[in-house]
Amino acid sequence: MKNKITILVFMALFQFTSMVAQEKTVTGTITSSADGLTLPGVNVILKGTNQGTVTDMDGKFTLMVPDNATLVFSSLGFATREVQVGNQLVINISLTEDLEGLDEVVVTALGISREKKSLGYATQEVAGEDLNLTNEQNVLGSLSGRVAGVQVVGSSGASMGGTQKIKIRGVNSIGGGDQPLIVVDGTPISNANFSGSDQADYGNLGQDVNPADIESVNVLKGPAASALYGIRGQYGVIMITTKKGKKGPKDINVQINSSFAIEEAFNFMPLQNEFGAGSSLSFSTLANGDPYVAVNWDESWGPRMDGTPVRQVFSFYPQDPTYGQLTPFVPHPDNIKDYYETGYNLNNGVTVSGGNENSTFRLSLNDTKIGGVEPNTYLNRNNVGLDASLDLTNNLIVSTNVNYATNNARRPQQGSEHGTGYFVQWFQRNIDMNRLRDYQYPDGTYLSWNVRSPNTTTGEIANLNPLYWNNPFFDAYENTSEDRRNRFFGNVGLRYKILPELELSAFVRSDMFTQNIENRTAFGGRRLPAYSVGKYENQEMNYELLAQYTNRWDDFSLNVNVGGNIYDRRYSYLSMGTVGGLSAPGFYNIDASIDRPSTTSYLLRKQIRSGFGMASVGFRDTYFLDASLRNDNSSALPENNNSYWYPSVSGSLVFSELTNWETLSFGKLRASYAQAGSDLNPYQTTMAYGVGTVYGNTNTLFVPDNLNNPNIEPSFAHSYEAGIELRFFGNRLGMDFTYYEQKNKNQIISLDVSGTSGYGSSTINAGLIENEGVEFTLTGRPLQTENFHWDATFNISRNRSMVVELAPGIDVYTYGSTTYSGVTSYLNSYVGQPFGSLIGQAYQRDDAGNILLDNSNMPLYTDATHNFGSVLPDFTGGFQNTIRFGNFNLGAMIDFQGGGQFFSRSKMLAVRTGQDPITVAINERGSSVRDPLDQGGGVRVIGVSAATGENVDAYVDARSYYRNVVGRRIYEEWLYDASYVKLREVRLGYNFGESILSKTPFKTAGIALIARNPLMIWQNAPKGIDPSEISTGSQSISWYESGQLVSVRSYGVNLNITF
Amino acid sequence: MKNRYIILLLVSFLVMGCDKFDDEINTNPNLPSEASGTQLIANAQLWLPGLSSSPQGQFLAQYLAETQYVGVSLYPQQSTSFYGYYQGPLMNLQEVINSESLSGVQGPVANQKAVAKILKAYFFWNITDRWGDVPYSEALKGSDNFTPAYDTQESIYNDLFLELKEANDMIVSGSISNDLVYGGNMTKWKKLANTVRMLMALRLSEVDPAKGKAEFIAAMEDGVFTSNEDNLVFRHLEDANNQNYWFSQVVNQNREWWALSENLVDMMKPVDDPRLSVYGDPARESGEFIGRPYGQEDNLGTEEHSLLGSDIIAQDAPVYLVTYAQVLFAMAEAVELDWIEGDTEELYKEAIKQSILQWTGSDAGLEEFLNAAGISFDGDNALEQIAVQRYVHLFMHGYEAWAEWRRTGFPDDLVSPAGAAVPTRLSYPDNEAFTNATNYKAAIDRQFGGDDSIYGKVWWDN
């Protein structure tokens, strides 16, 4: 139950200008129907006017009213009630707690507030406190599972604010670039991503929003909801509304929020602990007969780790205490785990908010410090936010919202052959990680685990430079990657009420950031010393003018918006890298480049000018009809074809108004149709040459690989949507069902074409991609007693994307490819098939499905043309629970995905390099597969000989089988189902009661235990790979895993105080 | 309830979009919109070393054996892309050939076009020899044809002969600038055109000797290489931007992954071939030249086998592509084939001499070598001797050596690692099955019975 004091904070928003003739005075007391307590702060409005009052601390009100007046009683969190005054002089009523907010007001496109019931399309809102349950590093990741139709593919917490990809209603764009627009208080902000698929994951920039500032997030799905954002709203809009100060009697609130959590690495891939480094079961020996470890191998196909005394890598360093000594060859089962540290996440925030009769004010400060689980990694983030408004006159309001964020991080490397993902890919099971931690001897020599073979005659290793891999601690402390970002976004606006019904507003909105990225490669490692630095600057301005007209006549309500927007973007960067090495150790500067450094300076400019109009008509609060029209003019399109129009129309019917069936609290049908137009990035309509390598004094130029297109046209997405919303039993049970279809026509893509045309790809208007799907949300309060509430929200959605048409003569679109050891796999889309098929090498099979074998009984494989089917999930969803009992509250968030698949390079390589347990399995003959074939070892292979057609049931050498064939070329073996059910967040909180607080200066105080990522309840993919965290870098579709960072979970405590 | 109609005057401001933008806004400031012909040619020339510098070529000729990550040398069935050549050098050259606005400031336009034609022919020759039928007459047309049909190798050869002849004939006096290989010397370009034509003609020795003979003689008459000075060599620089592939692999990335093959060392070591100490280093463990058995999967071999020589892996090592010694070997063979008149033995000896001069910079050890058993000329075994010595000469240009092996069958002792015979072509790029499916299928049906196998045979190989 809301307590009185906090309710007081929510003072009335109404200002009284004058009073019309009154004929009598009505008084009353308002109570809550649930507990009978009086309710302060309830708005009491004379219907049809803006006159009214607010109940006092004791829930009492007094108001002068005309004879036949109707009073409207409303308060946040309660169902609004209307009462005919008639002859009454005292009106004592109770308000019912409103679980869903029947007259819920939602923020729609361009920040226009609308009653949710009037909308003809699906939106879904998430409260800020739900998003900020456990201090997710990247706040956008908190949306996972909370909104039907919204899929979030995240990255490990070890990345510290790494990429969280959001996909609304599946794949809408053939090119996959279908990230929704993020809007904060009406200001579109960049959600760009500077990460590649490998190396540091800098994360998407949307995370610069301070989570503590978020009042609510409203997800507008599909173009219907976002036609008013034009091009950029085509893939949906994530509207973030921030908290504001409150108008009313002068009041100041201070809130302090502190949390501390420890983070730990977990979910390690199981590996074998029987065989160590090398390529054969026996040790090589030095001239003196000492056996030595195959230090030049980064695989574990070597001898059994049975404690045999051997020369280990450390014994070849004259500086090492074990120099020249034999030490037992034993496994180190936790050697990967030993690398990681316990990280922490410390978050401190203060907000000061307040207001008086004509102004509001809110200032927030937040400081986040994260120490990663990988050594020498951190993220420091600071946010400062200010939101203020001032009524200059009764009709003129000036307001501003400014946000400043800094990010300063040193992040771990990830991905194929970068960072620590290689531990499971290429490593020795016998390495003692703790011996590597001091990676430098006192004389400056670096210690490595992977060096050249010793000279058997001398017994020495002359060159102790790392061979293929650096000591991971050397990488962590010497080869660092640092990024810094300064971000500013916000707006300044004026709103002028020309008439009570007509408001004009003008806003200037800005989003600017400077991103710095710096990478160092130190002397003494396996790579040439190098330094690279990049400075990326983005400035986006939006100038916006909007006229809003709202009125009611009897049964009719009307809302008209007419506006214009100018979008102006300027993006530039300078990026430089040394070439050929550095001139002096420790001198990390472009000036240190031995050869001509690589340099790029880049400038992008783009402008879109738009005009739009929208009208909404309501009849008897039951029938609603909306229509909109927008015109965009894009500077990126060819001049003769750069202006285009698109409409939308939607309607809804609140049929619960038409029936008296009491069980049904609310019922609404809705339907909509919308178009959204889209353009492309600049500079793709004219020819330009590429700048090639400079040879001596010759500057070379080349014809680029992508063929630009001067005839490109804007593309359009057409969407159709219908839905029904039902609530029963006084809103205790609710459901929402949506069906939608979206046709994306003339999509502008860079289509891969046969390179023999002279170009690798061409910018074209291609085809038709169709999406259809359903979304279902069930909300309810299954249990409710005086002291106990259990609220649950379950959502599930399913989306199918089909490629209907591409371009004449071309029926395949290659979204991406990845090559390793000369073997490529692709993500292709075929005409007539679901989007996103994984293509790669499979077993060759006969008609009966038997695997075909070559003359050595090794499996034969196909070219990389086998279609393994779509990577996209069948359904995704979430299950959110909140339980309140007394002063305790418990929240738990589960999200899940069914179907979808991905290719795991880590798993493949773990097998290839003899680290996976499968490579030490006991075969059907009762021997280790690693034993020699003539001693009962080997892997059993069953198939058909391709040459003779005869059945084969034979044993083959395990190393040849796993290392050269199955673990290298047969991708069929390494595809995994991406289904999972994950407990993402748990929070147990306690709010101190009034009896305690009254003795303190605090208004509220709460403490909570939080756990993030505590448990993967179920997954189909093998342990050690988290299918919910395969988002590496900026690829918008996750279809392969190639060295994901270790999973991280955190436990902590959160303290929240206001005074 | 009272209602009042309110008469509104809605004054709304509408910033209607205007579709006229600043002219400059969509002009790319980051890239040039114009390129000179010679800059495009120079960029195409940067692709020349790639025709030779790849492990795959060395494995197909079995010059090198893999030491640690044994895989590609086992001849797996895998596709190899030719897209890079089409999108890279060939499209640049085609742009020059098509251009109607070349500037004479950088040399006579005819010469720019002739050089573009010669290089285009040279790249296409390499491509068709590796893959067989490939898109040619319909290729490089951009949006006019995104799905070019495959031309037969025979028709490609025929057209390349014509193109090379035409290039030879169109050259006028006056050098061109930005020429990375011949410094603008048009006489050398003429010689290159005719030399390529001559070597191409020899490829037809089995499939169409009459045509081969005619083109061979015609090319000779137009003037081929006359010394090592004429060689087509790409000279890398002591500059990481323009460095040798093998330097970046072996030196920069510590990849001592390649040892001289046992076949090669056993061919050279017993006869004290002066080139051996350039090709490789003695094994670190024994100080002896020891080749590594090709395709062997065990035992690492970096200590006990000869790795690549320091000249081969130098940062600025030259890459020999078309050489005078090849011309002499070709002429020696042509004499044996009765295509031309001449003294086989003299040509054979001169070819070896020029090869040794090319590789070692001196003729030290030449006389002893020419008299060594098996090396001294044997008229009854001339074709094999010529082929084997050409093989030794073509070291590190494995693709060319492999083509000559396919044509002549020499050397005849290449091994079959893990039972896999030496391939006879490269498999088409995977992507062709996606992006050019109909033509791709027609090509493999026509040539190889529908199987894009590495064991299909190209037209001239039968």
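In chain B, the buried residues of helix H11 pack against four helices and one strand: helix H6 (186-203), helix H7 (209-222), helix H12 (344-360), helix H14 (382-393) and strand E6 (318-322). The model is a predicted one. Helix H11 of chain B covers residues 324-336. Of its 13 residues, 12 are buried, and H11(B) is thus mostly covered. The buried set opens with Tyr324(B), Ala325(B), Gln326(B), Val327(B), Leu328(B) and Phe329(B). It continues with Ala330(B), Met331(B), Ala332(B), Glu333(B), Ala334(B) and Val335(B). The charged residue Glu333(B) is therefore among the buried positions of H11(B).

The length of H11(B) was checked against its residue count. At 1.5 Å a residue, its 13 residues should span 18 Å. The end C-alpha atoms of H11(B) lie 19 Å apart, which agrees with that expectation. Beyond the helix comes Asp338(B), with a positive phi near 65°.

Chain B as a whole contains 17 helices and six strands. Its C-alpha atoms fill a box of roughly 120 × 55 × 50 Å along the principal axes. Of the 462 residues in chain B, 53% are buried. Contacts were also sorted by sequence separation. Among those in chain B that join residues at least 6 apart in sequence, 75% link residues at least 24 apart.

Chain B also meets chain A. The contact involves 93 residues of chain A and 76 residues of chain B. On the chain A side, the largest share comes from strand E30 (residues 593-619), which supplies 10 residues. By class, this side of chain A has 44 polar, 35 nonpolar and 14 charged residues.

Within chain A, four strands form an open sheet. Their order is E3-E2-E5-E6, and the pairing is antiparallel. Strand E3 (52-54) and strand E6 (81-84) of chain A stand at the edges. Each has a single partner strand, so one side of each is left without a neighbour in the sheet. Neighbouring strands of the sheet are turned by 20° against each other on average, direction ignored. At one end of the order, strand E5 (residues 70-74) of chain A pairs with E6(A) over four bridges, in the antiparallel sense. In this pair, Leu71(A) stands opposite Val83(A) of E6(A).

Terms used: Residues are numbered from 1 along each chain as its sequence is written. Chains are lettered from A and ligands numbered from 1 in the order in which they are written. This is a predicted model: local features need pLDDT of at least 70, side-chain atom pairs count only at pLDDT 80 or more; totals for chains, interfaces and linings use all residues. Two residues are in contact if their C-beta atoms, placed from the backbone, lie within 7 Å. Helices (H or I, at least four residues) and strands (E, at least two) are DSSP runs, numbered from the N terminus. A residue is buried if 20 or more other C-beta atoms lie within 10 Å of its own, exposed if 12 or fewer, and partly exposed in between; C-beta atoms are placed from the backbone. The expected span of a helix is 1.5 Å times one less than its number of residues. Two strands pair if DSSP finds at least two bridges between them. Axes are lines fitted to C-alpha atoms, for helices over the stretch in contact, and angles run from 0 to 180 degrees between N-to-C directions.
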